[in-house]
Amino acid sequence: VLIAWENEAYLALKEQGGDQLEIIMPSLSILAEPTVALVDKVVDSKGTRKQAQAYLEYLYSEPAQHIIAQHFYRPVNPNILKQYAKQFPEIKLVTVNDYFGGWQKVQKAFFSDGAIFDEIYAEIN
């Protein structure tokens, strides 16, 4: 059993062959949205503001969303996502803020010293 990000599971299928592996998708998962940002201090000090701004604008364009889907990441554009419906079955996605009370609460409950992760880890060792 491998518990992995969706894109990593699809890459494993592509690299290892679909006849040897099977992906089991949950009906509910946490929406993972890595942050992308233009950081003024950094782009100004490096002289890359124009390139960084162009990248951010392109990232959400239709051509970029197709590239994203082709590399096994769920596109955020709903029309593009529909075009890849076979690849990305519908899953109810929830956010940490809405469903678990935010990252500070999750960090304390699950990942701080002595929290749930440590309890689970101690039981299997």
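Three words will help on this tour: buried means under 20% relative accessible area, exposed means over 50%, and partly exposed is in between, with a 1.4 Å probe and protein chains only. The model is predicted, so local features need pLDDT of at least 70, side-chain atom pairs count only at pLDDT 80 or more, and totals for chains, interfaces and linings use all residues. Residues are numbered from 1 along each chain as its sequence is written, and side-chain values use heavy atoms, with hydrogens and water left out.

**Stop 1: helix 3**

Select residues 49-59, which form helix 3. Helices (H or I, at least four residues) and strands (E, at least two) are DSSP runs, numbered from the N terminus. Colour Ala52, Leu56 and Leu59, which are buried. Looking down the axis of helix 3, you will find its buried residues within an arc of 65°, so they line one face; the arc is that of the directions from the helix axis to the C-beta atoms. Now pick Lys50, Gln51 and Glu57: these exposed residues sit on the face turned away from the buried side. Next, show helix 2 (40-46) and helix 4, against which the buried residues of helix 3 pack.

**Stop 2: the largest pocket**

Select Trp5, Glu6, Asn7, Ile30 and Ala32, the closest to the centre of the largest pocket among its 42 lining residues. The pocket holds about 1,900 Å³ of space. Here, on a 1 Å grid over the protein atoms alone, a pocket is an open set of points where a 1.4 Å probe fits, with protein on both sides within 12 Å along at least five of seven lines; lining residues have an atom within 4 Å of a point. Grid points are joined across faces, edges and corners, and the volume is the space filled by probe spheres set on the points.

Which helix gives the most to this lining? Helix 1 does, with six residues. Elements that supply at least two residues each include strand 1 (28-30), helix 4 (62-70) and helix 6 (96-100). Colour the lining by type and you should find 31 nonpolar, six polar and five charged residues. Ala, Val, Leu, Ile, Met, Phe, Trp, Tyr, Cys and Pro count as nonpolar, Asp, Glu, Lys and Arg as charged, and the others, Gly among them, as polar.

**Stop 3: Asn7 and its partners**

Stay with Asn7, in helix 1. Is Asn7 buried or exposed? At 9% relative accessibility, Asn7 counts as buried. Leaving aside neighbours within four places in sequence, Asn7 is in contact (heavy atoms within 4.5 Å) with His71, Phe72 and Tyr73. Draw a line to His71: the two are 64 residues apart in sequence, yet 7.2 Å apart in space, C-alpha to C-alpha.

**Stop 4: Phe72 and the core**

Move to Phe72, in the loop between helix 4 and helix 5 (78-83). Phe72 is buried, with a relative accessible area of 13%, and its phi is near 70°, a positive value in a residue other than glycine. Add Tyr10, Ala69, Ile80, Tyr84 and Phe88, and with Phe72 you have the six residues of the largest nonpolar core. Such a core is a set of buried Ala, Val, Leu, Ile, Met, Phe, Trp, Tyr and Cys residues joined through side-chain atoms within 4.5 Å.

**Stop 5: Gly18**

Finish at Gly18, in the loop between helix 1 and strand 1. Gly18 is exposed, with a relative accessible area of 52%. Between the C-alpha atoms of Gly18 and Asn77 lie 27 Å.
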